[in-house]
Amino acid sequence: MSMTKKDIIALPNPNLRMRSKKIGIVSKEVRDLADNMIAATIDWENSREHELGVALAAVQVNKLLRLVVVRNDFDNKDDRSFQVFVNPEITKYEGKEVEDLEGCLSVPDIYGKVKRFEKIRLKAMSLEGKLIRMNLEGFIARILQHEVDHTNGLVFIDHIKDNKEAFFKLNKEGELESLDYEKNIGKNSILW
């Protein structure tokens, strides 16, 4: 039975703050988990009129494993193919840090302006057990930094928690509006 959006955990679930374990062998269970993560991402996307499911880390479906799925084409919502990264690791950060909006399936309806490096070097394994080395830049580099953070127990809001102007909410028309920090994000919020 495939996973659905209901399998995606959200803050304040404590597992989102835990480091994920390295995968030793790419087994059938790992391949099945990757398929289920893709299914859950697509199911989540089907329920959101103005949003695209671009990536998911295994911790977001409550599995503390270093496994990440990333959509192949961010500009075409009909292309539902994903690439899978086993034990993704950023080996080098390059270029300047650029601030841009990020969202997260585990931080529902909240977006934030996060600084990320514009270029990274990534090392991972494929589902076939082959070594992957990539130089990435732009949006894909941002996504992989976000997802590798998940494997290390970090959520995007951790990077901006002290910047009250960095938080936004998506309204029913699909537009972002500023969020009342004290009411929705502040230190007494369930997000921390």
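Let's start at the hairpin of β4 and β5, where 5 residues sit between the strands and G129 takes a positive phi near 85 degrees. The model here is a predicted one. The two strands of this hairpin, β4 and β5 (residues 131-137), pair in the antiparallel sense through 7 bridges. To find your place in that pairing, look for A124, whose bridge partner in β5 is I132.

Now stay with β4 and turn to its other partners. Strand β3 (residues 82-102) runs antiparallel to β4 (residues 110-125), and 12 bridges join them. Within this pairing, E94 stands opposite K119 of β4. Strand β6 (residues 167-170) also pairs with β4 in the antiparallel sense, over 3 bridges. There, I110 stands opposite K169 of β6.

Next come the aromatic rings, which form 2 pairs in this model. F74 and F139 meet edge-to-face, with 5.0 Å from centre to centre and 90 degrees between the planes. F74 belongs to the loop between β2 (67-71) and β3, while F139 belongs to helix α2 (residues 139-151), so this contact ties together parts that are 65 residues apart in sequence. F139 is partly exposed, at a relative accessible area of 42%.

The other pair brings us back to the strands. The ring centres of Y93 and F117 are 5.2 Å apart and their planes stand at 45 degrees, so this pair counts as tilted. Because Y93 lies in strand β3 and F117 in strand β4, the pair ties together parts that are 24 residues apart in sequence. Y93 is partly exposed at 43% relative accessibility, and F117 is partly exposed too, with a relative accessible area of 28%.

Definitions and conventions:
Residues are numbered from 1 along each chain as its sequence is written. This is a predicted model: local features need pLDDT of at least 70, side-chain atom pairs count only at pLDDT 80 or more; totals for chains, interfaces and linings use all residues. Side-chain values use heavy atoms; hydrogens and water are left out. Two strands pair if DSSP finds at least two bridges between them. Helices (H or I, at least four residues) and strands (E, at least two) are DSSP runs, numbered from the N terminus. Rings of Phe, Tyr and Trp (its six-membered ring) pair if their centres lie within 6.5 Å; planes under 30 degrees apart count as stacked, over 60 as edge-to-face and the rest as tilted. Buried means under 20% relative accessible area, exposed over 50%, partly exposed in between (1.4 Å probe, protein chains only).
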